[in-house]
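I opened this notebook to record what I looked up in the model, working from the cysteines and cores to the strands and a few single residues.

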Amino acid sequence: MKHPEPVEVSGKDRTPSWQPLNDFATQKQKDSGLKAWIAVVEGCIRAIERTAWQGRGLADQAITACKAFGRGAQAVNEEMQLLADEARRWPMRLKRLTVTGWMLTRVVASYRLWGTRSAFLPASMRDSALQALHQRNARRFCETSLEQGGAFLKIGQLLSSRPDLLPQAWIDELAVLQDQASPLPYETVRQVLEEEFGKPVEQLFAHFDRDPLAAASIGQVHRARLLDGQEVAVKVQRPGLDELVELDMTLLKVFMDAVKSALPPMDIDTIVSEIQRTVREELDYHREARVMQQIRQQLETVEGITTPSLIPGLSTRRVLTTGFVQGSKLTTVLDRLHGTHPERTSRMLGNLLNAWFAQVLHGGLFHADPHPGNILVNEHDELVLLDFGCAQALTDDARRGYFRVLQACVVDDRQVIGDTLSQLGFHTRSGNPDTLLAFVAAILDQVRDSIINPSPQQGWPSAEQVMEQVTALLARLEHDPVEKMPGDFIMLARVFGTLGGLFLHYQPTVDIPAIMLGYLTRPLDPPRLAA
């Protein structure tokens, strides 16, 4: 077998590029049926073999270390340390590649073979058999995500919040990942803190709880007390994630390309790119600290919502320290109030919606992961936003474009809606805007109707009505798919899809037309802060 050349390792950045996997990930699978399945399996196996062969880079590193003898003892020491680090990393990489790659290959195989198998099933059994297949594959993906942790667990969590991308059986199975991550042992947390600040933990904090408040895929949070007595929350990143993220991202691309034909027609490439971007950005706590401070300033004038304060002296790229906030999870509070205190439920959800309109239309930077675990309710009924690792900045052109679409929707100007969406980067296969207009109508028609014909008795649509809308929209997407959409819209759809789910579930009496008109009837402000 002819093997590719080993990866070149030079300078201080010794992270391999995983080029063979990337090569395979960019290939387009145009075949169907058994031929395509064989190509996928062979490609995965070949990618694994080639990546393993990149271990020859160790030999090259060893040669470089030997040559360093001519440059003195310090050079030898540096090269030997790099060689030792590289040698330790490879067993972990190969194990991860083998476990994850094999799981993805089995999932892809089952979907490729489904086309042949389904032809021999009675029509009455076909739907239930496909649902069982979805459930089985989702469970495989879920179990591997929990086992591998890190970036791969984060990918599973992101996919669990995308009902537009995956079948419902997948969403149901992956939902368990939202609150599942094995906690780091305290000694590991202690080591990260002391590496970041160069001091023992006892010199940094008067008290530090060994047991975490929460453990997530990227990091975990501990309660602590500063030397001056202030109570804080300390988020510590899991060590070694940088080593694994690029491999996990490439495996995701391989997987999504391979099963693309089994998914609803949409701009999969942009969706995958946004998932990759958000996972990489969540590794940088410096960025998260900046985002948190900017959004905190954006929300200063918005009633009933706040964010924790930053402790700059105890925050780095891998550690983020903020003031501790005592509160309860949003949905826990809403479940308790639902049916007994409707006015408090409505006020909280109204403040929540107002906060995101302020971020999107006037701030130019918004929190892009408003799931209930990231929103607390404090003793004053204020909503406290947490975890700013996933955020999206909007350009001025994008903000003005979305603002124009909202205005045009209220007056039902389809021409302006279609033209503006095209300028923003939305494109259908045919070039006809009808699918885009149907998509906007599904989101905003009810709001427009309530502005034009306000009726206190109207209420929210039922689950059956929502499903009818979704079914009709998917049928239109099949006929004329949206082949390109701007990356920022992926995050907008995620945000308002999550908020919409809360509104449909709790059915609050929020005057959404008044909130929207408050923004649409005044000039669009320039962004207060640079995103």
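Before going to the strands I noted the cut-off that I rely on throughout: a residue is called buried when its relative accessible area is under 20%, and exposed when that area is over 50%, with partly exposed in between. I also keep in mind that this is a predicted model.

**Entry 1, strand E6 and its partner.** I asked how many residues of E6 are buried. Five of the five are, so I describe the strand as largely enclosed by the rest of the structure. I then followed its pairing and found that E4 and E6 run antiparallel to each other, joined over five bridges. One bridge I looked up by residue sets Val236 against Val319 in E6.

**Entry 2, the cores.** The largest nonpolar core holds 96 residues, and Phe141, Leu352 and Phe366 are the ones with the most contacts inside it. Helix H14, which spans residues 342-363, contributes the most to this core, with 10 residues. Another core, of 18 residues, lies apart from it, and its members include Tyr186, Val189, Ala224 and Val319. Val319 is thus the residue that I had already met as the bridge partner of Val236. As background I wrote down that nonpolar side chains tend to be buried together in soluble globular proteins.

**Entry 3, cysteines.** I looked for disulfides and the structure holds zero of them. Cys142 counts as buried because its relative accessibility is 7%, and Cys409 counts as buried because its value is 4%.

**Entry 4, the second largest pocket.** I recorded a space of about 1100 Å³ for the second largest pocket. Its lining is made up of 42 residues, and Ala214, Val221, Gly373, Asn374 and Leu386 lie nearest its centre. Among the elements that each supply at least two residues of this lining are helix H6 (150-160), helix H12 (285-298) and the strands E2 (214-215), E3 (219-225), E4 (231-237) and E6 (319-323). By class, I noted 19 nonpolar, 14 polar and nine charged residues in the lining.

**Entry 5, the open sheet.** I traced an open sheet of four strands in the order E5-E10-E9-E7, and its pairing is mixed. Its edge strands are E5 (305-306) and E7 (328-329), each of which pairs on one side only. E7 runs antiparallel to E9 (residues 375-377) and is joined to it by two bridges, and I found Ser328 standing opposite Val377 in E9.

**Entry 6, two aspartates with positive phi.** Most residues other than glycine have a negative phi, which is why I looked up the exceptions. Asp381 has a positive phi of about 65 degrees although it is not a glycine, and it lies in the loop between E9 and strand E10 (383-385). Asp387 has a positive phi as well, near 60 degrees, and I placed it in the loop between E10 and strand E11 (391-393). Is each of them buried or partly exposed? Asp381 is buried, since its relative accessible area is 16%, whereas Asp387, at 30%, is partly exposed.

**Entry 7, Leu133.** I located Leu133 in helix H5, which covers residues 123-148. Leu133 is buried, because its relative accessible area is 3%. I also looked up its C-alpha separation from Ala169, which is 9.1 Å, although the two residues are 36 residues apart along the chain.

Key. Residues are numbered from 1 along each chain as its sequence is written. This is a predicted model: local features need pLDDT of at least 70, side-chain atom pairs count only at pLDDT 80 or more; totals for chains, interfaces and linings use all residues. Side-chain values use heavy atoms; hydrogens and water are left out. A disulfide is a pair of cysteine sulfur atoms within 2.5 Å. Buried means under 20% relative accessible area, exposed over 50%, partly exposed in between (1.4 Å probe, protein chains only). A nonpolar core is a set of buried Ala, Val, Leu, Ile, Met, Phe, Trp, Tyr and Cys residues joined through side-chain atoms within 4.5 Å. On a 1 Å grid over the protein atoms alone, a cavity is a set of points where a 1.4 Å probe fits but cannot get out, and a pocket is an open set with protein on both sides within 12 Å along at least five of seven lines; lining residues have an atom within 4 Å of a point. Grid points are joined across faces, edges and corners, and a volume is the space filled by probe spheres set on the points. Ala, Val, Leu, Ile, Met, Phe, Trp, Tyr, Cys and Pro count as nonpolar, Asp, Glu, Lys and Arg as charged, and the others, Gly among them, as polar. Two strands pair if DSSP finds at least two bridges between them.
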